[in-house]
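Trainee: I'm new to this one. Could you walk me through the labels people put on it?
Mentor: Sure, let's bring it up and go label by label.

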Amino acid sequence: MTIAVVSHIRPAYHGRMHARIEREDGVNKPRRGVTRRSLLVGGGAAAGLVLGWAVWPRRYGPNLALGPGEQLFNAFLKIATDGRVIVAVPQAEMGQGVYTSMPQILADELGADWRTVGVEPAPINPVYANTLLAEEQAREQLPAWLHGPGEWVAREVAIRMNLTITGGSSSIRSFETRLREAGAAARSLLCMAAADRWGIDWKACDTEAGFVVRGDDRLAFGTLAEAAARLTPPDDLRLRDRDERTLVGRPVPRLDLPAKVDGSAQMGADIRLPGMVYASIAHGPYGDAHPVKMATAAADETPGVMAVLTNPGWVAVVGTNWWAADRGLEALAVEFETRSPRPDDGTVRRALAAALDKGEAKRFVEHGDPDAALAGQGVVTAAYSVPMIAHAALETLTATARFGDGGVEVWVPTQAAPMARAAVARAVGLDEGRVTIYPTLVGGGFGRKTEVQAAVEAAIIASKVRKPVQLVWPRREDIQHGRFRPPATARLKAKLGPAGSIAGWSARIAAPSTNAEMMARLTGGAQKSSYGPDRGVVEGAAPPYAIAALAVEHVEAVTGVPTGAWRSVANSYTAFFTESFVDELALVAGLDPLSFRMQALSGQPRLARCLQMAASIGAWQGGEPGTGQGLAAHSCFGSHVAMLVEARIEGDQVKVPNVTAVVDIGRTIHPDIVRQQVEGGILWGLANAFGNGISIREGMVTAQNFDGLGLPDLMSTPEIRVEIIPSELPPGGAGEIAVPPVAPAVANAIFAATGKRLRHLPLRLSDA
């Protein structure tokens, strides 16, 4: 199936976020002004256009739809004759700012006037595959001498799988070069069109503020768009030098904000269709549940209820409005049976303990001889644990589906549109070419909306009632049936060497095999009771410090509760394990926690600089009884962060009045967005540190709303100071980098204030 975008830009050229994506025939037909180079799907600036075309099959042509006056330049860019510059963004906008930062990259290279830039979601097309995620996996799993060919194969696989997915703090990292090349190619074409009119060499021209310029001569982009789109870009593209770039690095106005402020932005549950009905849903307990008994008469008596539908694992009620559907669902009083034992807190705890003690582990990281290094006397050991955690996004899962003669259309907030399309096709027995996905803005994703549940369920319900249906999960369902951050336990061992060096370190981590489990769900693979050890579960567990002998291993724990991606994924708990244990080692070594870390970061100058600056800005002095300071440092997603946290003890409560964070994310596209992401990540980190874990009784989660999660509130929000280290190195991720170090920094601060070492989340003084 191919799809195209038809959007309506706001009159003042604000963000185009409410795009309609529909099928379009003839994606492989030649289009006027499109050459193989204009697709611009290569790798780096030096080799991208040559290598990129070898990697990307030519059959994947651009399938952007053109509105009146719009001219297609490449897969990322259209320019209209009225001067509008429309950038197609292949990543989901869920508050992290990609609808601004990604157009900002292209517009800067193009030389556009930011006031004329609009944005629309890119259609489903393998040209938008997020190849970085696959390449990173290849680098982690292959020896260094195979990195080149391994990454090539990984890119091929990602493209052929149509792996267009938003996650892993990868948006800028994956698409910066492609967006720059797209802008540079269009700049060349516009200069060539202007040069034809002026009768000069096009290389004598440049662009600025939406015009092609040569001395005092100026021609607007809109005037040149039609002629430029017919031309062929040069073989060699020149990317702008840093001092020529006028937009990148500046806090330009966000394109998505005006519509969000005036209420015209459409989230998933804002969709309205003629004749649409509404559905609410209830899922059974964990343990392979199916509905066996319900009070259908009571539901039918609820005003507005139209139908009760059952499916393996869930029951839905359809009504003339959502309130009626949900009231009918509550009146239904469904009873479920389970084919497998129902998990609870005790069974989950025992599964983790058994795996940690007796499970068969796989060692994913090893250098030196850690077994020999950790033999004999002087070994320091500690055990840590973290619970399952809910995503608790403001927007619950939702999707709207409509069947017609051509197939099914689905409106859904999704982080993985191609996977949602494939899943719907499998569920309703249609070819993917008959499934249309309309991605909406995402009201909080955090990994949860990578999953395809809501789209599939809405399509199934619509197929049964034969009316357009909007499914909205009730809050209780969204919390009770999330794909939780997995629970994990860890046993860490280390031995110190001369002068406080780390001679040996091992981390054995027991947790569900979340990545393998999640990919099976997303790709329609067979659901298994066991998937075996999973490298992703121990991501971030290898410390950044100089360690002579190191081992990191995972052993699978089968809990019976589905788990999934949560903001910063495994780093959210591996950093807690590592940075808490480092503080313990500093105490054994008789060294200040800052000095101990700094001497072990000799090979990590960027992270060391972050740590040094955080200590300086936060006025590190270690704390005193009643008020303590804690440090933590971590690297992930191509970025580095250090944090200094102050904790104050008030009775049996821990207050966090101040957090200082220093981040090095390489080249910064939009500093305000980076700062917002770091601040938001710190609040998530506080929820990780203090929030209630998911508790399960008889296969059901006990919490039903936000009040059961113990989340931080406005009153408890600390003063946050964020310092961004200037850099021209390649960009790293910003959306998740601040989450991992918060919990260990708080735990270390609590120890400094009380002498109590808390090794388990959530942090409770009563657990010491």
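**Reasons behind the labels**

Mentor: This is a predicted model, and the count of aromatic pairs in it comes to 11. One of them joins phenylalanine 446 and tryptophan 684, with 4.3 Å from centre to centre and 45° between the planes.

Trainee: Why is the pair of phenylalanine 446 and tryptophan 684 called tilted?

Mentor: Ring centres have to lie within 6.5 Å to pair, and these are 4.3 Å apart. Planes under 30 degrees apart would count as stacked and over 60 as edge-to-face; the angle here is 45°, so the pair is tilted.

Trainee: What parts does that pair tie together?

Mentor: Phenylalanine 446 sits in the loop between β19 (435-439) and α13 (453-465), and tryptophan 684 in helix α19 (residues 671-690), so the pair ties together parts that are 238 residues apart in sequence.

Trainee: Are phenylalanine 446 and tryptophan 684 buried, exposed or partly exposed?

Mentor: Buried means under 20% relative accessible area, and exposed means over 50%. Tryptophan 684 has 14%, so it is buried. Phenylalanine 446 has 24%, so it lands in between, as partly exposed.

Trainee: And threonine 450, how do you know whether to call it buried or exposed?

Mentor: Threonine 450 is in the loop between β19 and α13 too. Its relative accessible area is 6%, which is under 20%, so it counts as buried. Leaving aside neighbours within four places in sequence, threonine 450 is in contact with Ile165, Thr166, Gln415, Ala416 and Leu522.

Trainee: What makes arginine 173 and glutamate 136 a salt bridge?

Mentor: The rule asks for a side-chain nitrogen of Lys or Arg within 4 Å of a carboxyl oxygen of Asp or Glu. Here the closest N and O atoms are 2.5 Å apart, so the pair qualifies. The two residues come from distant parts of the chain: arginine 173 is in helix α5 (residues 171-198) and glutamate 136 in helix α3 (residues 131-141), 37 residues apart. A search of the whole structure finds 44 salt bridges.

Trainee: What about arginine 115 and aspartate 113: which is buried and which is exposed?

Mentor: Their closest N and O atoms are 2.9 Å apart, and they form a salt bridge. Arginine 115 has 62% relative accessibility, over the 50% mark, so it is exposed. Aspartate 113 has 16%, under the 20% mark, so it is buried.

Trainee: Which helices does the salt bridge of aspartate 326 and arginine 476 link?

Mentor: Those side chains meet at 2.8 Å, N to O. Aspartate 326 is in helix α9 (residues 322-332) and arginine 476 in helix α14 (residues 475-480), 150 residues apart. Both of these residues are buried.

Trainee: Why does valine 157 count as partly exposed?

Mentor: Valine 157 has 41% relative accessibility, and that falls between 20% and 50%, so partly exposed is the label. Being over 30% also fits the rule for surface patches. Together with Trp152, Val153, Met161 and Met519, Val157 makes a nonpolar surface patch of about 420 Å². Helix α4 (residues 147-160) gives the largest share of that patch, 3 residues.

Trainee: Last one: how do you know whether alanine 299 is buried or exposed?

Mentor: Alanine 299, in helix α8 (residues 296-300), has a relative accessible area of 0%, which is under 20%, so it is buried. Not counting residues up to four places away in sequence, alanine 299 touches Val305, Val308, Gly328, Ala331 and Leu332.

How values were computed: Residues numbered from 1 in each chain as written. Predicted model: local features only at pLDDT ≥ 70, side-chain atom pairs only at ≥ 80, totals over all residues. Heavy atoms only, no water. Patch = residues over 30% accessible without salt bridge, like charges linked within 9 Å, V, L, I, M, F, W, Y side chains within 5 Å. Areas by Shrake-Rupley, 256 points an atom, 1.4 Å probe, with all protein chains shown as cover. Helix = DSSP H or I, 4+ residues; strand = E, 2+ residues; numbered from the N terminus. Buried < 20%, exposed > 50% of the residue type's maximum accessible area, 1.4 Å probe, protein only. Contact = heavy atoms within 4.5 Å. Phe/Tyr/Trp six-rings, centres within 6.5 Å; stacked < 30°, edge-to-face > 60°.
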